[in-house]
Amino acid sequence: MFGNRVRAAVLAFLVLLSGLATTVLTTTPASAAASCAGGVSVYGVLPDGRLSYTTIDPDNGNITHVVVSSRTLGFTAKAVATLNFNTVLVTSTAGVLYRVDVVTNSASLTFNDPIDLQHGWTHNLLSYDGHGHLYGTTSGGSLLQYLVSATKPGTNQIGQRREIGSGGFALKTLAAAGDDRLIATASDGQLISYAVSQTGTTYTRAQLDDAGWQSFENLVSPGGGLYYGKNPDGAMYWYEDDNPADGSGTDIAYHLDDPVASRGWTQYLLSADPAGCTSTTPVQPLRSKIATLATGEVGTTEASCDKYNDACNQGALDWCAMFATWTWSAAGVSGVPRSTYVARALGKWGVDHGLFKYRSSSTHGSPKIGDWVIYGAPDGTTGGHVDVITAVHPDGTLTVVGGNVSNKVTRRVIDPDTARSGADNVLISGYVSPPGA
């Protein structure tokens with residue numbers, strides 16, 4: 001897999017030499033409850049004014065196709081929104097809204113002369129939801145909605161301007177994640193979702209994550225719970241939201257050790273085809289259940305630890321493993337080793353059942369929400385510790401909840417590369433995934 005990432009990064013640097021044919025995919029992503037009709041299509045604008053077109057396999061995050069135009073837009077672009085596979089809206093720094101019709105994006109990327117549609121478009125960010133609504137933010141923090149009434153709109157086919165909200169939309173990035181559904185990041189690191197009512201008069205805001213997303217300068221989504229974030233250093237990461245409509249980030253799967261590319265994304269504007277994927281009802285929100293159960297116990301003291309296992313005897317025995325196995329059992333995981341009271345032994349159980357994921361000295365490993373974090377080697381010796389992951393942040397840090405920490409259930413944010421715990425103060429050896437998740 002790492003080799004694919006290196007090749008993808010090289011492709012991004014050598015796009016002018018690329019003559020790859022588009023790979024058409026029909027697949028269901030591994031974690032997200034999404035159905036994708038083909039590869040994820042992403043348009044971009046390079047600093048010199050050229051357009052780029054990239055397709056990404058939604059199942060594994062691999063780049064399958066890259067082309068860059070030889071001609072430039074002819075103006076300095078400020079914001080971009082993809083309407084469909086071959087139509088892109090781009091605004092200029094002078095406030096002009098252009099329609100760009102793509103002629104081909106297979107062996108090469110060519111487009112017709114940009115069409116001047118309207119003036120006065122000074123929006124900081126733009127995104128199209130694939131269902132007739134174009135969204136934009138202003139420098140004053142307002143969120144605006146426009147009706148787009150044609151697949152290739154003319155001068156009079158973008159209008160019915162509505163102000164969805166004012167003052168609270170000073171966002172760093174904005175992407176449409178579905179029909180009247182938006183995701184965004186703020187400069188303080190929050191990941192936020194907005195569900196806009198059908199009338200466009202109200203909206204519901206949900207904080208999916210409270211930290212770690214501030215590094216992204218671009219965020220795009222093809223729908224279906226798939227999110228792609230680009231860092232200033234040219235790295236692109238991908239995320240899968242099991243249920244993008246639930247207003248919760250506890251079911252987002254992260255691929256920190258498996259990025260789309262570790263470098264090479266030099267576009268300063270990016271936009272995905274919003275109709276590429278659709279979401280379905282999640283079949284098994286097991287990881288979210290585990291995280292919710294664990295978080296709900298924060299603050300429970302040692303005197304009440306018998307609720308997790310009768311053997312705890314108000315803390316007469318170390319009970320971090322008792323708490324960890326309780327969260328899985330209460331969430332409906334079958335076959336949980338409830339009689340195992342040693343943290344490292346839970347790691348060995350994970351190894352024996354093919355559920356253990358090692359954290360090497362050079363990488364974070366592949367932690368996911370609901371996993372057990374094992375401190376110390378996965379064996380049967382005493383010492384060590386076990387936590388339950390309740391959030392995975394883009395900067396690699398984890399929010400974990402653990403029992404028998406300062407004689408209670410605690411919630412804390414850790415760096416998995418440096419975090420230590422247990423009587424022997426040991427590093428994290430890896431993670432155990434719940435069976436069936």
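## Helices, sheets and cores in a predicted model

Arg344 sits in helix α4. The model is a predicted one. This report starts from that residue, moves out to its helix, and then turns to the cores and the sheets.

### Arg344 and its helix

Is Arg344 buried or exposed? Its relative accessible area is 10%, and buried means under 20%, so Arg344 counts as buried. Leaving out residues up to four places away in sequence, Arg344 touches a run of partners that includes Ile374, Tyr375, Gly376, Ala377, Pro378 and Asp379. Thr381, Thr382, Gly383 and Gly384 are also among the residues it touches. Asp424 and Val426 complete the list.

The helix around Arg344 is much the same story. Seven of the ten residues of α4 are buried, so this helix is largely enclosed by the rest of the structure. Those buried residues are Ala343, Arg344, Ala345, Leu346, Gly347, Trp349 and Gly350. They pack against helix α3 and against the strands β24 (356-358), β25, β26 and β30 (426-432). After α4 comes Gly354, which has a positive phi near 70°.

### How α3 meets α4

Two packed helices are described by the angle between their axes and the distance between the axes. Here α3 spans residues 320-331 and α4 spans residues 343-352. Their axes lie 8 Å apart, at an angle of about 45°. The two helices are therefore oblique to each other.

Which residues make the contact? From α3 come Cys320, Ala321, Ala324, Thr325 and Trp328. From α4 come Ala343, Leu346 and Trp349. By class, the contact holds seven nonpolar residues, one polar residue and no charged residues.

### Two nonpolar cores

The largest nonpolar core has 29 residues. Within it, Trp319, Phe323, Trp328, Trp372, Val386 and Val432 touch the most other members. Several elements each supply at least two residues: α2 (286-296), α3, α4, β25 (372-375) and β26 (385-392). Which helix gives the most to this core? That is α3, with eight residues.

A second core is separate and has 28 residues. Leu191, Phe216, Tyr239 and Val400 are among its members.

Trp319 also has contacts beyond its sequence neighbours. Setting aside residues within four places, its contacts include Thr300, Glu302, Cys305, Tyr308 and Cys312. Gly403, Asn404, Asn407, Lys408 and Val409 are also in contact with Trp319.

Helix α2 has its own buried residues: Leu286, Arg287, Ser288, Ile290, Ala291 and Ala294. These pack against α3, β26 and β27 (398-405).

### Two four-stranded sheets

Two open sheets of four strands are set out below.

| Strand order | Pairing | Edge strands | Average turn or twist between neighbouring strands |
|---|---|---|---|
| β10-β11-β12-β13 | antiparallel | β10 (125-128), β13 (158-165) | 25° |
| β14-β15-β16-β17 | antiparallel | β14 (173-178), β17 (203-209) | 25° |

Take the sheet that begins with β10. Its strands are in the order β10-β11-β12-β13. Its edge strands, β10 and β13, have a single partner strand each, so one side of each is left without a neighbour in the sheet. Strand β12 (residues 143-148) is joined to β13 by five bridges, and the two run antiparallel. One of these partnerships links Val148 to Ile158 of β13.

Now take the sheet that begins with β14. Its edge strands, β14 and β17, each pair on one side only. Five bridges join β14 to β15 (residues 181-185), again with the strands antiparallel. Gly178 has Arg181 as its bridge partner in β15.

### A link across the sequence

Cys36 belongs to strand β1 (residues 34-36). It is buried, with a relative accessible area of 2%. How far is Cys36 from Pro222 in sequence and in space? The two are 186 residues apart in sequence, and their C-alpha atoms are 8.8 Å apart in space.

### The protein as a whole

The protein has four helices and 30 strands. Of its 437 residues, 59% count as buried. Take the contacts between residues at least 6 apart in sequence: 56% of them join residues at least 24 apart.

Conventions
Residues numbered from 1 in each chain as written. Predicted model: local features only at pLDDT ≥ 70, side-chain atom pairs only at ≥ 80, totals over all residues. Heavy atoms only, no water. Axes fitted to C-alpha atoms, helices over the stretch in contact; angles between N-to-C directions. Parallel < 35°, antiparallel > 145°, perpendicular 65-115°, else oblique. Contact = heavy atoms within 4.5 Å. Nonpolar A, V, L, I, M, F, W, Y, C, P; charged D, E, K, R; others polar. Buried < 20%, exposed > 50% of the residue type's maximum accessible area, 1.4 Å probe, protein only. Core = buried A, V, L, I, M, F, W, Y, C linked by side-chain atoms within 4.5 Å. Pairing = 2+ DSSP bridges.
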